[in-house]
Amino acid sequence: KKDGRCKCMKCGDDFKGWADYVLSVVLQRPKEELTASIYGIRTVDARPDDDFEWTDHWGEWADNDEIILEAEAPLPGAIVWDPDFVDLDRPAAAPGLAYLEGKRGVSLALAKKYGLRYSPRERRVIFPVFVNSVLRGWQGRYIDKCDFITDEGVDVHIPKVLTVGELAGRVVMGQDRLIGSPHGILVEGPLDMVKCDLLGGNTATMGKSYSEAALRIYRRSGIRKLYCGLDDDAFERIMKLAR
């Protein structure tokens, strides 16, 4: 009940797997359709809009106190780009491009591959979050100094990163990169994710930690290995992830 893995009490290891596989056998439906319907993960030829309902029979065998129901939050809804954002090859995006190329070592071609944009009004580079090729939100990274004191002696702090969209604990940045990849790469920030481009399967948790929902995304994506690229100050979280 907790994570969706299934195993036949009679067949044992001869018949086990995730719920999408088991239901595909029981219902005689393509596994890809069920993967998209249950987990919100699109694989080849999947139809994400397909959905169905089934009955929870666990109550027939167990007392309520023995049942652990872990409700999963649905995918964040689709959103549209802020009209103030500009492509990085536009003149208005010159400060953002200079930040990426000069300070972070990210080329224009690589930035465009990941759909990065720039907000002249906020002076932030925008890292989009796509799931099933749909824009679900973004993180904006401030390109200037975040902490300073004005001439009037006012102590100013500007958030380095701002997140738009209901993303926290529900998706990972670069989630679609897991589709068809034999492995996944888990890093904290979007810049680290972009720099892992040639390796494939590169994703970012968009924060110092990760959620159980994020781990379910990796487990159900079909990858066979997960490489952990959390920062070296995250020793405890790395050990927990390994367990």
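Q: How much space lies in the second largest pocket?
A: This is a predicted model, where local features need pLDDT of at least 70, side-chain atom pairs count only at pLDDT 80 or more, and totals for chains, interfaces and linings use all residues. Residues are numbered from 1 along each chain as its sequence is written, and side-chain values use heavy atoms, without hydrogens and water. A pocket is an open set of points on a 1 Å grid over the protein atoms alone, where a 1.4 Å probe fits, with protein on both sides within 12 Å along at least five of seven lines. The space filled by probe spheres set on the points of the second largest pocket is about 330 Å³.

Q: Which element gives the most to the lining of the second largest pocket?
A: Lining residues have an atom within 4 Å of a point, and 13 residues line this pocket. Elements are DSSP runs, helices (H or I) of at least four residues and strands (E) of at least two, numbered from the N terminus. Those giving two or more residues are α6 (212–220), β12 (225–229) and α7 (235–242). The most, four residues, comes from α6.

Q: How many charged residues are in the lining of the second largest pocket?
A: Asp, Glu, Lys and Arg count as charged; Ala, Val, Leu, Ile, Met, Phe, Trp, Tyr, Cys and Pro as nonpolar; the others, Gly among them, as polar. The lining has seven nonpolar and no polar residues. Its charged residues come to six.

Q: Why is the pair of Trp81 and Trp138 stacked?
A: Rings of Phe, Tyr and Trp (its six-membered ring) pair if their centres lie within 6.5 Å; planes under 30 degrees apart count as stacked, over 60 as edge-to-face and the rest as tilted. By this rule there are four aromatic pairs. Trp81 and Trp138 have ring centres 5.7 Å apart and planes at 15°, so the pair is stacked.

Q: Is Trp138 buried or exposed?
A: Buried means under 20% relative accessible area, exposed over 50%, partly exposed in between (1.4 Å probe, protein chains only). Trp81, at 22%, counts as partly exposed. Trp138 has 7%, so this residue is buried.

Q: Which residue lies over the face of Trp81?
A: A charge sits over a ring if NZ of Lys or CZ of Arg is within 6 Å of the ring centre and within 35 degrees of the ring normal. At 4.0 Å from the ring centre of Trp81 lies Arg117.
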